[in-house]
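Trainee: I'd like to go through this one with you and ask how each label is earned.
Mentor: Sure, pull it up and fire away.

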Amino acid sequence: MKRFNAFCILILLLCSSHSYAESLLAVNKDQSIDLSSWLYYVQDPHIDTLAQVSSLSSSQWQHLTPQFNDHLNVAPFWIKFSLYNATDSKIRRFLSLANPHIDKISLYHLQQDNTQVHIEMGDSYPFSQRPIPHNSFLYRFDLQPEQVHTFYLRIETSGSANIPLSLLSPDHIVEVTERQSLTQGFQLGALMAIGLFSLFIAITSRSYSYSYYSGYVLSVSLLVATLHGLSFRYLWPDWPIVHQIVLPLLIPIALTFVLMFSEKVLQLKYHNLAMLRLCRYCAATAFFLILVTPFLSYSVALKLNIIAVLITTSMLMVIAITLSIRGHKLAKLYTLAWSGMLIGSFVTAMMYLGVLYLPILHQTPIMLGLSFEIVFMAAVLAIRYNDERKAKLQIQQEALLQAQRIRETREEALKIEADSNEKLEQMVQERTLELEIALRELNEANQKLTEQNTVDSLTGVKNRAAFDKRLLAEGRLSRRQQTPLAILMIDIDRFKGINDTFGHLAGDQALRLIAQALKEKLRRPSDLVSRFGGEEFAMILPNTAEEGAYQVAELMRETVFQLPLSWEKNAIPLTISVGICADIINDDEHIHSLVERADKALYRAKNDGRNRVCVYTSELEE
């Protein structure tokens, strides 16, 4: 009788709706089923209630294909399927949706006896709202004999809308959970072990390479835990908003660390500066993504991160291959390690963007690539650390040998010095007193002679010989330090008239008065005034540019103009003309040309009316 009732139900279902009959799935005892081929969907923004979707005709439902929802940011849609217990006993089943990143799932379970169950779950709700605490979304129900159960699911997500929906028996759900726990635990355990080991080495050795690598591995570990749904379950189960931000935030963090690590481990600073700059620009861009990601929508941030991953992995692979061709040992191992990451990231990115479809989870390729890359990259880092340790040991050994040779040489030198000192000490003591007396007398004579040879007897300032010697010394100092040297040529205006009118004694008095005035106005010990010849004076101003020299010249001109010279109760007006030339000396010939140019500037000042300052310009040559 029961079998007859079941047959009648099937006949009625076949007559009522062809598409509905196609979605009716008979469930047998201890059977687990992949529901992907039995799903039908409808996508309409105006349908948001069960009453609206259940009233749709069969022609409005379409068979769900992977191409429809195998990409990011799919608009909200409904899916439905029906199950029929073909056995004569109650069957317990678990409905499993193995994509832990669906934002909202509205599940409606309709039974043949008009019983209805409504459950809301998703990663936009707290984890405690899930009917079964599991990384995936699980719903447990019982199928009574010869009963039809219809399920409606409204899917709303800004991430991947992939729906890996399956019907699992209790034994199978335990087996799947254990297998997932084993593989995910092994992967995360290996990543955390490598990351913490690298962190401890970075702390003890203060190595930037290990610091960046530990940051990369630990951020990838958290990223893997988030992709598997473990972070939401164990770290922030009551904060869904964190789960929405952390995934697109961890990707640029990992990119920033891997770029800085690659720069160090490939030693781009020593091999290729262009690659170094490119790597740092990309790291700065990834850091910028970290700052702007919290302000972007989930789908936009994820697409930007996918593009950044593709560009970064491709660029690093090109850099590694280029250095490998040039014979860089670590670059060859780096290329091998990074190839897994490159392939995995490209396959996952193409699946997320809807370009490629594979019957696996989207994150599976990049998970495999990450595991391969991190293990091999740890080997690369270990090889580099070993090379650096050997190089340091070799340097230490060479330093020890060099120190030993220096110590032996020093001991020999000290022995020779001690022998020599014993012989010379007696001779030195005998001659010390005589030499001190002779040196004192010689020093006094030299000082008097030097003063007589360098000072002009009439004016009391330095003479021409002292000027020439000082000029040569200051010119070489200007060339060595690349500082400007200024020369002032000074001539007393109408000096011949003073001699003709008042006599040579008055002229001598004018020379003395002007020389002392010029000498008193010099403010720096390094400045020099000298009598150049007749009524001409010259000044050397070290480390003085043209503007400073002009100010000094104007000060000298005004000082002389205000001098109160009178002779036999007759006031004698005094003025001077000054020529200036300042430049950075290139060679010894340049020193003499500096004096000649200042002299030409002096003649221009004289020709322009006297009692003025003229700075040398190229026009004077014309």
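**Labels and what backs them**

Mentor: Let's start with the residues of H17 that are buried: Ala549, Ala553, Glu554, Met556, Arg557, Thr559 and Val560. Keep in mind that this is a predicted model, where local features need pLDDT of at least 70, side-chain atom pairs count only at pLDDT 80 or more, and totals for chains, interfaces and linings use all residues. Numbering runs from 1 along each chain as its sequence is written, and side-chain values use heavy atoms, with hydrogens and water left out.

Trainee: What makes H17 a helix, and what span is expected for it?
Mentor: Helices are DSSP runs of H or I with at least four residues, strands are runs of E with at least two, and both are numbered from the N terminus. H17 covers residues 546-561, which is 16 residues. The expected span is 1.5 Å times one less than the number of residues; for H17 that is 22 Å, and the helix reaches 22 Å from its first C-alpha to its last.

Trainee: Which elements do the buried residues of H17 pack against?
Mentor: They pack against strands S12 (484-492), S14 (536-542), S17 (576-584) and S18 (613-615), plus helix H16 (504-521). Contact here means heavy atoms within 4.5 Å.

Trainee: Why is Pro248 called buried?
Mentor: Buried means under 20% relative accessible area, exposed means over 50%, and partly exposed is in between (1.4 Å probe, protein chains only). Pro248 has 3% relative accessibility, so it counts as buried. Pro248 lies in helix H8 (residues 240-265) and touches Thr293, Tyr298, Ala301 and Asn305, leaving aside residues up to four places away in sequence.

Trainee: And why does Ser166 get the label buried?
Mentor: Its relative accessible area is 15%, so Ser166 falls on the buried side. Ser166 sits in strand S11 (residues 165-168). Its C-alpha is 5.3 Å from that of Ser96, although the two are 70 residues apart along the chain. Beyond four places in sequence, Ser166 touches Ile33, Asp34, Leu35, Phe94, Leu95 and Ser96.

Trainee: What makes Arg179 and Glu175 a salt bridge?
Mentor: The rule asks for a side-chain nitrogen of Lys or Arg within 4 Å of a carboxyl oxygen of Asp or Glu. In this pair the closest N and O atoms are 3.6 Å apart, and Arg179 and Glu175 do form a salt bridge. They are four residues apart in helix H5, so about one helical turn separates them. An α-helix has 3.6 residues a turn, so residues three or four places apart point the same way.

Trainee: Where do Arg470 and Glu474 lie, and is Glu474 buried or exposed?
Mentor: Both lie in helix H14, four residues apart, about one turn of the helix. Their side chains meet in a salt bridge at 3.1 Å, N to O. Arg470 has a relative accessible area of 24%, so it is partly exposed, whereas Glu474, at 11%, counts as buried.

Trainee: How do you know that Asp588 and Arg476 tie together separate parts of the chain?
Mentor: First, their side chains meet in a salt bridge, 3.5 Å from N to O. Asp588 lies in helix H18 and Arg476 in helix H14, so the pair ties together parts that are 112 residues apart in sequence. Elsewhere, salt bridges that share partners join Asp491, Asp493 and Lys606 into one network. The structure holds 13 salt bridges.

Trainee: What about Asp103: how do you know that it has no salt bridge?
Mentor: The nearest side chain of opposite charge, Lys104, is 8.1 Å away, and Asp103 is buried yet has no salt bridge. For charge, Lys and Arg count as positive and Asp and Glu as negative, while His and the chain ends are not counted. Asp103 lies in the loop between strand S6 (91-97) and strand S7 (104-111). Among the residues that Asp103 touches are Met121, Tyr125, Glu156 and Gln244.

Trainee: Last one: what is noteworthy about phi in Gln482?
Mentor: Phi is near 55 degrees there, a positive value in a residue other than glycine. Gln482 is found in the loop between helix H14 (464-481) and S12. With a relative accessible area of 47%, Gln482 is partly exposed.
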